[in-house]
Amino acid sequence: MFGSVSTFFKIQFGRHLRSPALWIVLLGAIIGARYMVPLPDANYVTLAVNNAYPVQTSAIMGMQLGIVTALILTPLAYIFLRAGPTRRQPWQIEDVTPSNRMAMTIGQGAADTAILWVAMLFLAVAGIILSVFRLPIEEVKPFHTLLTFVLIAGPALAFIAALRTLFNARPWLRGAWGDFLFFVIWMAGVVIAAMSFSEGGSSPFTDVFGYAAAIDGATDEPISSAVIGGAPATEDYINLDALAGTTNTLFLMSRLMWLGVAGLLFVLSALIFKPRKFKQKIRGGMLKKLTPGLDKVGGIVANPLVTISNVFGNPIRSSFNQLLKPRYWALILLVLAVTGGALPFRPGTGGAIMLVLILVMSRQSGVWQAPALRQFMRTLPAQKWSRLFYEIAAAMLLAFLVCLPAILRAVLNGNIGEILPDFVFIIGIMPVAIYVLGYLTRTGLTGRLIFLFIWYGYLNL
Amino acid sequence: MLELKSVNHGYKKQIIFRDLNTRFAKGVTVITGPSGAGKSTLLRLCASAERAKSGAISWQGHNIRKSSSGFRKVLGYAPQIIDFPEDISAQDFLFHIGALKSLSRDQIVTQSLEILTRLNLDQDAQKLIRNYSGGMRRRLGLAQAFLGEPECLILDEPTAELDPITAGIVNDLIFSKSEQSVVLMTTHLADHLSGYEYREFKVEGLAG
């Protein structure tokens, strides 16, 4: 068993190490550290408590780095694991080897955790170097920076690696629904911990990212507000004891518990693992019988609209048609378009339209990006930039059609000016960004996750 | 006519082709040679999927190493491996590739139907690619290459994974196009070509 775990760990870890993406992540981490610990005269903060900036110490620097890593960098860590070099596994062979599924899952999960911790240590070293420049030399305590940072970020990153492993275990979690669930879990983790402030105290056991409990334990004062990544208008300072916040028994026990949760998720992933199928059943059998015409909706809509010429028209039609596969998307988008013509756009209908378009476009942005397919596509007469243009044009056309009833409603109600930015974003900016991200990262996941966060922000406008 | 002049190519320290000079005229040329000799690499170079380190690869006198856009309009290329988009149908796949070859809708429909029928895939054209077997994928990869009635066909192992009867059908299709086209192909099933007229080009491969 241990030998198998070791083998899978070595292979997975080696693949991470050989990946150029890792070095980009490490470089980004080192440069990012400079901005996670802002200069005293910077016009932003990474942390403010009770409308006051924490007095900088080595431990506080570690805490700031830890909080930013646990909160803001965890989605990026998820993208790195899920869309990185190890996203393609030789499952056709692995699934039929006599190797133990538990060993495989634990070995690969441990490698994912280890690579995130390597990035974390790079960031810690960068933080220690920064502390030399930002603090009087007698106050530089590298161990304090390392300790507070690792205690906050370490379990959070292990949890992210465990989620990645869990989302590989079941077929429906391997695609967009897994990403959506990650987004929900991440958001819930942040919100549940934040809620504890408003209730007068934080419980580290409900704080997977460790940020609220660490701040709460760092001061005896009651906490009325905590700002992460904002800029309160104040020149006040507050003394926070980051070491006390991160080395008290409750906090340490909670971090161990979250490490344990990550371990349990690895085990659970192995237990519930369902192998991929070489041939999958065509989904939507009942829907197919009930709505036989849906399969042709893309063509029916696009054909009369896109008749510019064969050179431009056909590729756009083809891309448009693909956007509406599987067929249930056509039905969902139709319902949303009609709803947009009947109900106010912001926030409900607009949010729903935006969410479905994010899922549809991000999925399609990754469909033609597999390495061998891209190499073959290079031999076609249409150049890569024109292919990207066709895809974006088709996505814009779809977004426009779905928003059209809402646009007409807004024009008739005379409030088009208010929600024009929404339409510009959904029809103009979103398709371009999602497809360019899909092209650059060769997966739809990056665009999907980034725009899910933007979507959440939009709902809270 | 596809012509290679003083072509050199390799990866890192491994030299695959040194000063390769040859011409491929209309008709079928079968590239042969031991495994690892560089047969697929040669096809990739000729198909402009990969750029030779030096030398000239010309189609009708135009160097495709400098500009491949004209050549790609008359090229049909079926590599050995294509990561097909699994969740679209074969028909949608062909329509997309045909569209990127600037074919009209009618041309795509007519040609797809003809090719799929000849390859016995017409009944499965509406199926999602994820439900295709290895042999069906091979034929689909081949079908897209024939779209646009290309003047140059480059086919890497077009009959791999096919049973002898289907391989015969595929060979019939390939050789039926060879009167109008330059056809380069590799195959491990040279025995199946005994009834056809073709040239042979042997790739020896160079040690690293």
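# Briefing on a predicted two-chain model

A nonpolar surface patch of about 520 Å² is formed by A:V125, A:I129, A:V132, A:F133 and A:I137. The structure is a predicted model. Chain A holds 461 residues and chain B holds 208. The area buried between chain B and chain A is about 3000 Å², and the count of salt bridges between chain B and chain A is zero. Over all chains, the count comes to nine salt bridges.

**Chain A: overall composition**

- Chain A contains 19 helices and four strands.
- Buried residues account for 51% of the 461 residues in chain A.
- Of the contacts in chain A between residues at least 6 apart in sequence, 80% join residues at least 24 apart.
- The area exposed by chain A is about 20500 Å², and carbon and sulfur atoms supply 70% of that area.

**Chain A: the nonpolar patch**

- One member of the patch, A:V125, belongs to helix α5 of chain A, which covers residues 101-134.
- A:V125 has a relative accessible area of 46% and is therefore classed as partly exposed.
- The other members of the patch of about 520 Å² are A:I129, A:V132, A:F133 and A:I137.

**Chain B: overall composition**

- Chain B contains six helices and nine strands.
- Of its 208 residues, 58% count as buried.
- Among contacts in chain B with a separation of 6 or more, residues 24 or more positions apart account for 70%.
- Chain B exposes about 9200 Å², of which carbon and sulfur atoms supply 48%.

**Salt bridges**

- Side chains of opposite charge can pair when their charged atoms come close.
- B:R23 and B:E3 form a salt bridge in which the closest N and O atoms are 3.0 Å apart. This pair links distant parts of the chain: B:R23 is in strand β2 (residues 14-24) of chain B and B:E3 is in strand β1 (residues 2-11), 20 residues apart.
- The two partners fall into separate accessibility classes: B:R23 is exposed, at 55% relative accessibility, whereas B:E3 is buried, at 18%.
- B:E50 forms a salt bridge with B:R44, with 2.7 Å between the closest N and O atoms. With a relative accessibility of 16%, B:E50 counts as buried.
- B:E161 pairs with B:R138 in a salt bridge, the closest N and O atoms being 2.9 Å apart. B:E161 lies in the loop between β7 (152-156) and α6 (164-177) of chain B, and B:R138 lies in helix α5 (residues 134-146) of chain B, so the salt bridge ties together parts that are 23 residues apart in sequence.
- B:E161 is exposed, with a relative accessible area of 54%, while B:R138 is buried, with a relative accessible area of 12%.
- In chain A, salt bridges that share partners join A:R82, A:D179 and A:R448 into one network.

**Interface between chain B and chain A**

- The size of an interface is often given as the accessible area lost when the parts come together.
- For chain B and chain A, the buried area is about 3000 Å², and carbon and sulfur atoms give 59% of it.
- B:R72, B:H96 and B:L100 lose the most area to chain A on the chain B side, together 21% of what that side buries.
- In terms of contacts, 36 residues of chain B touch 34 residues of chain A.
- There are zero salt bridges between the two chains, but six residue pairs are in polar contact, both residues being at pLDDT 80 or more.
- On the side of chain B that touches chain A, α2 (69-72), β6 (75-78), α3 (90-100) and α4 (105-118) each supply at least two residues. The largest share of that side, seven residues, comes from α3(B).

**Surroundings of B:D124**

- B:D124 is located in the loop between α4 and α5 of chain B.
- A relative accessibility of 18% places B:D124 in the buried class.
- Leaving aside neighbours within four places in sequence, B:D124 is in contact with B:A90, B:Y132 and B:M136.
- B:D124 and B:S89 are 35 residues apart in sequence, and their C-alpha atoms are 8.9 Å apart in space.

Methods
Residues numbered from 1 in each chain as written. Chains lettered and ligands numbered in written order. Heavy atoms only, no water. Patch = residues over 30% accessible without salt bridge, like charges linked within 9 Å, V, L, I, M, F, W, Y side chains within 5 Å. Areas by Shrake-Rupley, 256 points an atom, 1.4 Å probe, with all protein chains shown as cover. Salt bridge = Lys/Arg side-chain N within 4 Å of Asp/Glu carboxyl O. Buried < 20%, exposed > 50% of the residue type's maximum accessible area, 1.4 Å probe, protein only. Contact = heavy atoms within 4.5 Å. Buried area = accessible area lost by both parts, 1.4 Å probe. Polar contact = N/O pair within 3.5 Å; in protein donor to acceptor, adjacent residues only side chain to side chain.
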